[in-house]
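Colleague: Got a minute to look at this one with me? I'd like to go through the aromatics and the surface.
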Amino acid sequence: MATVDNREGQDDPESEDEVYEVVDLTEYARRHQWWSRVFGSNSGPIAEKYSVATQIMMGGVTGWCAGYLFQRVGKIAATAVGGGFLLLQIANHSGYVQVDWKKVEKDVNKAKKHLKKKANKAAPEINTFIEEATDFIKRNIVLSSGFVGGFFLGLAS
């Protein structure tokens, strides 16, 4: 926005006073979010800050991303474990490796007992986490349902 000061008929270009408006981009971004224009205004506490459509969309997109990554990582992990076991069996059958399965079973059982002891000690923290997660899901049921739907779509794609 420019204003010109033409006092007493002076048309001197150097006498022009330009006025510039300073825009705070962070405030502008907070007030003019693209999803607000698409899905309506946002008001209320943080859990209800966005409209239902926005919450479902945000939950669905994040759920789809999580499901897709879960599917890909799961396939890679299953391939690695299955492939490793297959190679171990082939090496055992060919005589390259001798596996003492009794010792493997003994070590697995020992690890199970150790994990059970650790799990009993960690139970209060796990229960607290589960209670907090349940409370979050109850307070944000729309966002959570969008996430679950998106997660299943991500697993299917």
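Colleague: Is Phe-152 buried or exposed?
Modeller: Exposed, going by this predicted model. Phe-152 has a relative accessibility of 54%, and the cut-off for exposed is over 50%.

Colleague: And which aromatic cluster is Phe-152 in?
Modeller: One formed with Phe-70, Phe-147 and Phe-151.

Colleague: OK, how many aromatic pairs are there?
Modeller: Four by the rule used here. One of them is Trp-64 with Tyr-68, a stacked pair with 5.1 Å centre to centre and 15 degrees between the planes.

Colleague: Where do Trp-64 and Tyr-68 lie?
Modeller: Both are in helix α3, four residues apart, which is about one turn of the helix. Trp-64 is partly exposed at 35% relative accessible area, and Tyr-68 is partly exposed too, at 27%.

Colleague: Back to the phenylalanines: why is the pair Phe-151 and Phe-152 called edge-to-face?
Modeller: Because their planes sit at 65 degrees, and over 60 counts as edge-to-face. The ring centres are 6.2 Å apart.

Colleague: Switching to the surface, which residues make the nonpolar patch?
Modeller: Phe-85, Leu-88, Tyr-96, Val-97, Trp-101, Val-104 and Val-108, with an area of about 670 Å². The elements giving two or more residues are α3 (52-94) and α4 (101-139).

Colleague: Which one gives the largest share?
Modeller: That's α4, with three residues.

Colleague: And where is Val-97?
Modeller: In the loop between α3 and α4. Val-97 is partly exposed, at 31% relative accessibility.

Key:
Residues numbered from 1 in each chain as written. Predicted model: local features only at pLDDT ≥ 70, side-chain atom pairs only at ≥ 80, totals over all residues. Heavy atoms only, no water. Patch = residues over 30% accessible without salt bridge, like charges linked within 9 Å, V, L, I, M, F, W, Y side chains within 5 Å. Areas by Shrake-Rupley, 256 points an atom, 1.4 Å probe, with all protein chains shown as cover. Salt bridge = Lys/Arg side-chain N within 4 Å of Asp/Glu carboxyl O. Buried < 20%, exposed > 50% of the residue type's maximum accessible area, 1.4 Å probe, protein only. Phe/Tyr/Trp six-rings, centres within 6.5 Å; stacked < 30°, edge-to-face > 60°.
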